[in-house]
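Student: I should like a close look at a single part of this model, namely the enclosed space inside it. Please describe what surrounds that space, and then set it beside other features of the chain.

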Amino acid sequence: MTKTYHFIGIKGSGMSALALLLHQMGYPVQGSDVEKYYFTQRGLEQAGISILPFDTKNISKDVNIIAGNAFRPDNNVEIASAEEQGLSYQRYHEFLGEFMKGFTSFGVAGAHGKTSTTGLLAHVLHNITDTSYLIGDGTGRGSAQAQYFVFEADEYERHFKPYHPEYSIITNIDFDHPDYFTGIDDVFNAFNDYAKQVTKGLFVYGEDSYLREIQSSAPIFYYGFGEDNDFIAYDVRPSTKGSTFRIRHDEKELGEFHIPTFGRHNVMNATAVIATLYTEGFDLQLVREHLQTFAGVKRRFTEKIVNGTVIIDDFAHHPTEISATIDAARQKYPSKEIVAVFQPHTFTRTIALLDEFAEALEAADAVYVAEIYGSAREVDKGEVRSADLVAKVSKAGGLISLENVSPLLDHDNAVYVFMGAGDIQSYEYAFEQLLGNLSHNVQ
């Protein structure tokens, strides 16, 4: 009899995606987590997967335990119980390293853009052929008959160390996670070690100076806008409907492509996907067709309209991502005021990148900053506050609290871009309620 897979911390984005994948492949699945609502749990509930409170009763020799990376014996009763009972457990990335050996696997790594790129690659490939996938927005699909597997490869704490995919995209290398990485050289070394584990083809953004230094035993293909790349995107025509562009590979024209997403970074994400699938031998006409139907991934430029007001929700929590998100908003809404509502995520990141955050936010027309969302991995030593970031930004706005989001109403013909990796959605919901009280016209 197949043991039930028990996920400790099942609401985590990667964990929930893996739980859904195994459930769809026919395995019995359950999990435990805190009671606080998280956006990933809706998919679990719809699939009928039990979400239990953390409890020692959930742990026995009758379950296969997959543990979220944040949980240890000193902060989780289930991990402590497993160790007391002498029961083995695997971390998400350890399990995944073994699981992917049954497929032709496509990894997507990078400091930024990996969830959007994973989502795009999974969407196109799944529409061409049976494909299993794990996306960092909590989306997972499993098929026992699938030949291909698309997954997101996370660099934090070198979690991608167990992965040996046939193909991988690396979107960029940038300094982030200062609570773990000592600096950009440490980040580069982690990605370089991962690149050496790719077996058939590595696709890297050619205008990233660090990626130009990357090494791999697999063939390396560079993609970008410049003429020194193997896959070149050119004749880019952005519009309020998305972006149209052409691609050339070694003097061969691959044709015109259109994506319904915004910003130059999404043109690059699509170019990486096209290059990867072309090299593996897929029909480019099918790739072209399915690129056009990509609806995006959760919490990546997700839009809604409340009382005629456009609200965008985005996971952006690094200066590079903020710049890309504001650029995308300007492309889609060129005649509207761009109002950024940003919540810094972790004290260590805010300290390390304070000036870069201020510079990125200056691209908006008005900037509001919420209090810093601290991580469970760190302690607030009082070294930085959101007011320190506000002081470095010249645009109108200022600090904003969850109790009072009414200052956001001081803008006409505006698009509101809520950005962050903490609980920025709480501020967004408070603003939506405020707008809803003014009118009941919600789309």
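**The cavity and its surroundings**

Tutor: By class, the residues that line the largest cavity comprise three nonpolar and four polar ones, with no charged residue among them. The model is a predicted one, and it contains one cavity of 30 Å³ or more. The space inside the largest cavity comes to about 30 Å³. Its lining consists of Ser116, Leu120, Ile259, Thr261, Asn266, Asn269 and Phe294. Two helices deserve mention here: α5 (114–128) and α7 (264–279) each contribute at least two residues to this lining.

An open site offers a useful counterpart. The second largest pocket has a volume of about 210 Å³. Its lining is made up of 18 residues, and Phe347, Thr348, Glu378, Val379 and Lys381 are those that lie nearest its centre. By class, this lining divides into seven nonpolar, four polar and seven charged residues. Charged residues are thus absent from the lining of the largest cavity, whereas seven belong to the lining of the second largest pocket.

Charged side chains also meet one another elsewhere, and the whole structure holds 16 salt bridges. One of them joins Asp130 and Arg141, at 3.0 Å from N to O. This pair connects distant parts of the chain, 11 residues apart: Asp130 sits in the loop between α5 and β7 (131–135), and Arg141 in strand β8 (residues 139–141). Asp130 counts as partly exposed because its relative accessible area is 27%; Arg141 is also partly exposed, at 22% relative accessibility.

A second salt bridge brings together Glu303 and Lys332, at 2.6 Å from N to O. Here too distant parts of the chain are linked, with Glu303 in strand β16 (residues 302–306) and Lys332 in helix α9 (residues 319–332), 29 residues apart. Glu303 counts as partly exposed because its relative accessibility is 30%, and Lys332 is likewise partly exposed, at 22%. In addition, Asp235, Arg237 and Glu256 form one network through salt bridges that share partners.

Finally, strand β19 (residues 366–369) presents a buried segment. Ala366 and Tyr368 point one way from β19, Val367 and Val369 point the other way, and all are buried. On one pairing, strand β18 (residues 337–342) runs parallel to β19 over four bridges, and Phe342 stands opposite Val369. On another, β19 pairs in the parallel sense with strand β20 (residues 396–399), again over four bridges, and Ala366 stands opposite Ala396 in β20.

Conventions. Residues numbered from 1 in each chain as written. Predicted model: local features only at pLDDT ≥ 70, side-chain atom pairs only at ≥ 80, totals over all residues. Heavy atoms only, no water. 1 Å grid on protein atoms, 1.4 Å probe; cavity = no way out; pocket = protein on both sides within 12 Å on 5 of 7 lines; lining within 4 Å. Points joined across faces, edges and corners; volume = space filled by probe spheres on them. Nonpolar A, V, L, I, M, F, W, Y, C, P; charged D, E, K, R; others polar. Buried < 20%, exposed > 50% of the residue type's maximum accessible area, 1.4 Å probe, protein only. Pairing = 2+ DSSP bridges. Salt bridge = Lys/Arg side-chain N within 4 Å of Asp/Glu carboxyl O.
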